[in-house]
Amino acid sequence: MRKKLEALAEKAGAMMTKEAPFSVREKSSSKDLVTSRDLEVQEMLVGACRKLAPGCSFYCEEEHLQDLTESSEEGFIIDPIDGTANYVHGLGHSCTSIACLREGRIDCGVVFDPFRGEMFSASRKEGSFLNGRPLTVRDRPLREGLVCFGTSPYDEDTTDASFRLARRLYGLSGDVRRSGSAALDCCYAACGRYDLYFELRVSPWDHAAGSLIAAMAGCRTCTIEGAPLPLLQRTSVLCGTASGVAACLAEAARL
């Protein structure tokens, strides 16, 4: 299944990078955008996944296609374009994210960034990979690494706490970043570009594949309280090296 999802993600990437124009509209706010390309990619992925697993269920960002439950035998959690604002503004740094759920847990996942040609993937049996190369996280003091955080732009009640925590971690780390794609943030933790990523509220499609890729590479993944990540609920997400996560948990508890 991991290889099959990689092939689908590459097809989605080709759709994302084609030069044809696309439309943009707001959903809940000016920070919450959807493009016609999101809808095209999701339609393609859903159709292809139904052929891979007839009778499967879905939890997708667009079009309210959310019939997947934790008791579903098999299903897919899909974000057709994660980092839509980046995509709309021509920044690149956006991706397709597909996770496959089997018997109540994420079994495999892929995150593909067509702008860098980077395919991140993982399965519980095989581990994590970047373009076919196995990934293994190396722990180090947080002061030697980078912290990335998300601002949960659709939930402005988290804004002040997000920036307070980022300020605290800035003082403990090499520097901080904000990229605009939760899926890629998890993957960058998996390959050692970031030592820590946190965001105080994200949806399942934002992190389902990425958090598995991070975990299978050896990252610690949890909520900002240190609890296991819920499967199909909006949640905080924290992932990174053991040292990075420990530092973030300690600082978050002081907020």
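Contact here means heavy atoms within 4.5 Å, and that is the sense in which one element will be said to lie across another below. Keep in mind too that this is a predicted model.

With that in hand, start at helix 4, residues 159–170, which lies across strand 10 (146–149), strand 11 and strand 12. Against strand 12 the helix runs at about 170°. Those strands belong to an open sheet of five, ordered 11-10-12-14-13 and with mixed pairing. Strand 11 (175–177) and strand 13 (220–222) are the edges, each pairing on one side only. On average, neighbouring strands of this sheet are turned by 15° against each other, direction ignored.

Now look at strands 12 and 14. Strand 12 covers residues 196–202 and strand 14 covers 235–240, and the two pair in the antiparallel sense over five bridges. One spot to pick out is Val202, whose bridge partner in strand 14 is Thr235.

Right next in sequence comes Ser236, also in strand 14. Is Ser236 buried or exposed? Buried means under 20% relative accessible area, and Ser236 has 7% relative accessibility, so it counts as buried. Its side chain reaches the backbone nitrogen of Ile224 at 2.9 Å. Leaving aside neighbours within four places in sequence, the contacts of Ser236 include Glu199, Leu200 and Arg201 as well as Cys222, Thr223, Ile224 and Leu229.

Helix 7, residues 242–253, is the other helix to follow here. It lies across strand 12, strand 13 and strand 14, and runs at about 140° to strand 14. From first C-alpha to last, its 12 residues reach 17 Å, close to the 16 Å expected at 1.5 Å a residue. Which residues of helix 7 are buried? They are Gly244, Val245, Ala247, Cys248, Leu249, Glu251 and Ala252. An α-helix has 3.6 residues a turn, so residues three or four places apart point the same way. The buried residues of helix 7 pack against helix 4, strand 12, strand 13 and strand 14, which brings us back to the helix we started from.

Next, move to strand 7, residues 118–123. Six of its six residues are buried, so this strand is largely enclosed by the rest of the structure. In a regular strand the side chains alternate between the two faces of the sheet. Both faces of strand 7 are covered: Glu118, Phe120 and Ala122 are buried on one side, and Met119, Ser121 and Ser123 are buried on the other.

Strand 7 has a partner before it and another after it in the chain. With strand 6 (residues 105–113) it pairs in the antiparallel sense over six bridges, and Val110 stands opposite Ser121. These two strands form a hairpin with four residues between them, and Gly117 in the turn has a positive phi of about 65°. With strand 8 (residues 127–130), strand 7 pairs in the antiparallel sense over four bridges. Here Ser123 has Gly127 as its bridge partner, and the hairpin joining the two strands goes through three residues.

Finally, step back to the whole chain, which has seven helices and 14 strands. Its radius of gyration is 17 Å, close to the 18 Å that the globule rule gives for 255 residues, so the chain is as compact as a globular protein of that length. The C-alpha atoms fill a box of roughly 50 × 40 × 35 Å along the principal axes. Buried residues make up 57% of the 255. Of the contacts with a separation of 6 or more, 63% come from residues 24 or more positions apart.

Notes: Residues are numbered from 1 along each chain as its sequence is written. This is a predicted model: local features need pLDDT of at least 70, side-chain atom pairs count only at pLDDT 80 or more; totals for chains, interfaces and linings use all residues. Side-chain values use heavy atoms; hydrogens and water are left out. Two strands pair if DSSP finds at least two bridges between them. Axes are lines fitted to C-alpha atoms, for helices over the stretch in contact, and angles run from 0 to 180 degrees between N-to-C directions. The expected span of a helix is 1.5 Å times one less than its number of residues. Buried means under 20% relative accessible area, exposed over 50%, partly exposed in between (1.4 Å probe, protein chains only). A polar contact is a pair of N or O atoms within 3.5 Å; within protein, one must be able to donate a hydrogen and the other to accept it, and residues adjacent in sequence count only if both atoms are side-chain atoms. The radius of gyration is taken over C-alpha atoms; the globule rule is 2.2 Å times the number of residues to the power 0.38.
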